[in-house]
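Got your viewer open and a selection box ready? Let's walk through this one stop at a time.

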Amino acid sequence: MGYSGARGGLEAILAAEDLVRRKRDHAPAPWSSTEQITARFRLAVDRVMGEAGLYDEPTAADAFRQAEADTLEASHLLRAQRSTLPRLAVSEPVDPGEMTVIRRIVPAFREPDGPQLLGRTSDYTGRLLERPDGPPKPSQKDSAIAEATDAAEATDSAERTEEQRSPRRFMDLLRKMELLAEGRTADDPEPHDITRKPARPPADRSAVLAAMARAESGALVALWYRSILGPDGDVHEITLGELRHGRLPLRVRHPHTGNPVTVGEFRVTEAEAIEDLDGADEDRTRFDIGYGLCFGHNERKAIAMANLDIANRRFGRSGPLEQLLLLTIDGLDSGGFLEHLKLPHYVTFRSMVERKQAMRAADEAGEDPPARAAEPAGKDFPIVMSSRSRDGR
């Protein structure tokens with residue numbers, strides 16, 4: 001009966017989809033090109049790429065336009081697009097130390113090795129709303145300033161030394177001072193590919209980091225804030241060691257020679273968080289380092305990742321944190337489960353109404369209420385439902 005009712009609404013569904021297209025593609029406002037979206041909504045495009053797990057700015061911009069700026073829906077579209085693409089090669093491991101830095105701040109140290117590069121940021125700007133009537137009109141003076149600025153940036157980039165472009169990371173300074181608890185091991189296990197095999201607790205660190213890299217940014221920040229507030233009894237003392245935004249090389253093996261070949265670059269945000277070790281079985285003379293890295297320019301996500309990396313290694317196995325990180329922060333899973341509530345549920349709700357009526361009748365007659373159906377097995381972990389498909393099934 002339920003499927004019959006859903007099929008009866010097919011005409012309304014098609015009309016709704018047509019209305020979306022007409023309002024989006026034929027709006028009175030000018031058409032937003034892919035280049036405009038990439039340039040003017042760069043942070044939203046970066047967020048979509050990170051949550052979808054696919055680095056391609058034009059495709060992410062097209063998904064952002066089709067989703068009418070709904071970043072979660074855009075990530076859904078981009079991940080669906082990725083599933084149709086062949087996997088031609090696997091990139092070579094890249095050392096984050098090779099990053100060409102665009103922005104670098106070290107809040108934990110006043111004079112770190114290498115420069116502090118503020119880059120493009122509004123962190124130090126007052127939150128005052130600007131409401132221009134239209135795009136600024138370029139003047140001859142503005143054009144001259146822009147040309148001079150571009151020339152100065154080009155000269156600065158050319159004169160910047162390799163050390164300034166790729167400064168030594170703050171973690172190396174702590175290691176030199178013997179203040180860092182070494183977590184590196186001699187073996188190098190193969191990273192867990194969460195796109196091929198879902199991760200479940202207990203999971204490798206690579207699986208947890210990969211899950212956080214693709215997580216919905218707001219969900220990750222919310223979970224980080226919960227861990228900081230400590231409702232689970234865990235105590236944290238967090239300092240942000242270093243934050244970077246820059247470009248890394250993309251290398252693959254040449255199919256004929258077998259040699260690594262650089263085929264492009266991609267932008268990432270990297271964060272290292274420092275935590276004071278104060279547990280009974282921890283080395284209280286040292287610090288622990290948490291790590292976060294995600295596509296594009298998304299500093300909130302990288303910082304939350306780095307802090308949750310530490311929290312999970314310290315407290316994840318003794319509490320719910322690891323399970324929450326692996327099972328609840330994927331935007332497509334959680335959003336898909338929420339969105340499916342808008343689909344027809346009248347059959348199941350009707351059964352609930354009839355059960356309530358039967359219980360009321362039994363109570364009025366002085367009889368024992370009817371037995372409730374047995375609870376489904378497997379309640380140790382929450383059920384993760386896949387996000388809806390494009391036709392709503």
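Start by selecting E1 and E2: the two run antiparallel, with five bridges joining them. For a landmark along that seam, pick Thr100, which sits opposite Arg247 in E2. Keep in mind as you click around that this is a predicted model.

Now add E3. Its pairing with E2 is antiparallel too, and this time there are 15 bridges. Highlight Thr239 and you'll find its bridge partner, Ile274, over in E3. Follow the chain from E2 into E3 and you go round a hairpin, with six residues between the two strands. Stop at Gly258 in that turn and check its backbone: phi is positive, at about 80°.

Bring in E4 next. E3 and E4 make nine bridges, again in the antiparallel sense. Ala271 is a handy marker here, standing opposite Gly292 in E4.

With those four strands on screen, you have an open sheet in the order E1-E2-E3-E4, paired antiparallel. Which strands stand at the edges? Those are E1 (100–105) and E4 (287–295); each has a single partner strand, so one side of each is left without a neighbour in the sheet. Turn the view to look across the strands, and the twist from one to the next averages 20°.

Before leaving the sheet, select Asp278, in the loop between E3 and E4. Is Asp278 buried, exposed or something in between? Its relative accessible area is 39%, so Asp278 is partly exposed. Skipping neighbours within four places in sequence, Asp278 has Arg284 and Arg314 in contact. Draw a distance from Asp278 to Glu237 as well: C-alpha to C-alpha they are 9.5 Å apart, although 41 residues separate them in sequence.

Next stop, the inside. Show Met212, Leu220, Met305, Leu325, Leu326 and Ile329 as sticks: these have the most contacts inside the largest nonpolar core, a set of 31 residues. Colour the contributors by element, and you'll see at least two core residues coming from each of H10 (205–213), H11 (217–229), E2 (238–253), E3 (260–276), H12 (299–315) and H13 (321–327). H12 gives the most, with seven residues.

Centre on Leu220 for a look from within. Beyond the neighbours within four places in sequence, Leu220 is in contact with Met212, Ala215, Lys301, Ala304, Met305, Leu308, Leu325 and Ile329. Then jump to another core, which lies apart from the one you just left: it has 15 residues, including Ala44, Ala61, Phe64 and Ala74.

Time to hunt for empty space. Rolling a probe the size of a water molecule over the atoms shows where such space is left. How many cavities of 30 Å³ or more are there? The count comes to one. The largest cavity holds about 90 Å³ of space. To find it, select Arg226, Ser227, Asp232, Asp234 and Leu321, the closest to its centre among the 13 residues of the lining. H11 and H13 each supply at least two lining residues, and H11 gives the most, with three.

Finally, zoom out to the whole chain. Across the view there are 15 helices and four strands. Colour by accessibility, and 30% of the 393 residues count as buried. For a contact map, take pairs at least 6 apart in sequence: 67% of those contacts join residues at least 24 apart.

Definitions and conventions:
Residues are numbered from 1 along each chain as its sequence is written. This is a predicted model: local features need pLDDT of at least 70, side-chain atom pairs count only at pLDDT 80 or more; totals for chains, interfaces and linings use all residues. Side-chain values use heavy atoms; hydrogens and water are left out. A nonpolar core is a set of buried Ala, Val, Leu, Ile, Met, Phe, Trp, Tyr and Cys residues joined through side-chain atoms within 4.5 Å. Buried means under 20% relative accessible area, exposed over 50%, partly exposed in between (1.4 Å probe, protein chains only). Contact means heavy atoms within 4.5 Å. Two strands pair if DSSP finds at least two bridges between them. Axes are lines fitted to C-alpha atoms, for helices over the stretch in contact, and angles run from 0 to 180 degrees between N-to-C directions. On a 1 Å grid over the protein atoms alone, a cavity is a set of points where a 1.4 Å probe fits but cannot get out, and a pocket is an open set with protein on both sides within 12 Å along at least five of seven lines; lining residues have an atom within 4 Å of a point. Grid points are joined across faces, edges and corners, and a volume is the space filled by probe spheres set on the points.
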